[in-house]
Amino acid sequence: ISTKTARKLQLMVDPCDPADGEERILFPVFGPDKELYGLTGRATNKAARLKVRDYFGLKKAAGLLGAHLIDPKVHRYVLIVEGLFDYANAWECEQPALAVMHSTMTDRQAAIVRDFGLPAYMFYDNDSAGLKGANTAGKQLVKYIPVMKVRYPEVWIEIPEEPDGGHWLKDPGELTSDEFRSMIDDARLF
């Protein structure tokens, strides 16, 4: 993630979370009204026992990461993603993203998306939890706004330290700008 994107998203670093000693990237969660709801943080160490931690009483179910950045006068659509790094990568690739911060969308989160009045592209992870989450979210939204399903391209990601030497593309955090654009262009109505 570039410095420009980190500034836009107001990302911070907690070098040593007092709860477990892990370094975390902190993501402030604002409402559409720009009110701060709290912070959520993702460990930078893949082996961390607790990967995600919430701060200052953040109630994830009540908000969407990125809601303060969406402007219906500027954006033509929104991407719905699950995770923090998915969200950061989407904005790095200049895509207006909202993160549910887990695999399911709550009724309150669905209401926020509906209030924007923009088409929503379901960029959930390409795994069983993501497919289930995208289906559930789509059903919550489809009566109110256009909902688009995307298909992941078959791209092998080489990672020598993984047991199989890599994995198939399955996560918006791994997409390039061109892959986002291609998936948006090839999306189908829910």
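A salt bridge here is a side-chain nitrogen of Lys or Arg within 4 Å of a carboxyl oxygen of Asp or Glu. That cut-off is worth having in hand for the first few views, and keep in mind that this is a predicted model.

**View 1. Arginine 24 and aspartate 20 form a salt bridge.** Their closest N and O atoms sit 2.6 Å apart, so the pair falls inside the 4 Å limit. The two partners differ in burial: arginine 24 is buried, at 0% relative accessible area, while aspartate 20 is partly exposed at 25%. Searching the whole structure turns up three salt bridges, and the other two follow in the next views.

**View 2. Aspartate 54 and lysine 60 meet through their side chains.** This salt bridge comes out at 3.3 Å, N to O. Lysine 60 counts as buried because its relative accessible area, 16%, is under 20%. Aspartate 54, with 31%, is partly exposed. Lysine 60 turns up again in View 6, among the contacts of methionine 101.

**View 3. Helix H5 (residues 177-185) has a buried face and a salt bridge of its own.** Glu179, Phe180, Met183 and Ile184 are the buried residues of this helix. Looking down the axis of H5, they fall within an arc of 135°, so they line one face. Which elements help to cover them? E5, H2 and strand E7 (120-122) are among those that do. The face turned away from the buried side carries Asp178 and Asp185, both exposed. As for the salt bridge, arginine 181 pairs with aspartate 185, with 3.2 Å between the closest N and O atoms. Both residues lie in H5, four residues apart, or about one turn of the helix. Arginine 181 is partly exposed at 32%, and aspartate 185 is exposed at 53%.

**View 4. Four strands make an open sheet in the order E1-E2-E3-E4.** The pairing is antiparallel. Strand E1 (12-14) and E4 stand at the edges with a single partner strand each, so one side of each has no neighbour in the sheet. From one strand to the next, the twist averages 35°. Helix H2 (residues 84-92) packs on this sheet and touches strand E2 (24-30), E3 and E4. The direction of H2 makes about 75° with that of E2. For a closer look at one pair, take strand E3 (residues 36-43) and E4, which are joined in the antiparallel sense over four bridges. Arginine 42 stands opposite valine 52 in E4.

**View 5. Histidine 68 sits in the loop between strand E4 (52-55) and strand E5 (78-81).** Is this loop residue buried or exposed? Histidine 68 is buried, with a relative accessible area of 7%. Setting aside neighbours within four places in sequence, histidine 68 is in contact with Gln10, Phe30, Gly31, Pro32, Lys34 and Tyr87.

**View 6. Methionine 101 is a buried residue in a loop.** The loop in question runs between strand E6 (97-99) and helix H3 (107-116). Methionine 101 has a relative accessible area of 9%, so it counts as buried. Residues up to four places away in sequence aside, methionine 101 touches Val29, Thr40, Lys60, Gly63, Leu64, Leu65, Glu82 and Leu84. For scale, methionine 101 and threonine 44 are 57 residues apart in sequence and 17 Å apart in space, C-alpha to C-alpha.

How values were computed. Residues are numbered from 1 along each chain as its sequence is written. This is a predicted model: local features need pLDDT of at least 70, side-chain atom pairs count only at pLDDT 80 or more; totals for chains, interfaces and linings use all residues. Side-chain values use heavy atoms; hydrogens and water are left out. Helices (H or I, at least four residues) and strands (E, at least two) are DSSP runs, numbered from the N terminus. Buried means under 20% relative accessible area, exposed over 50%, partly exposed in between (1.4 Å probe, protein chains only). Contact means heavy atoms within 4.5 Å. Two strands pair if DSSP finds at least two bridges between them. Axes are lines fitted to C-alpha atoms, for helices over the stretch in contact, and angles run from 0 to 180 degrees between N-to-C directions. The arc is that of the directions from the helix axis to the C-beta atoms.
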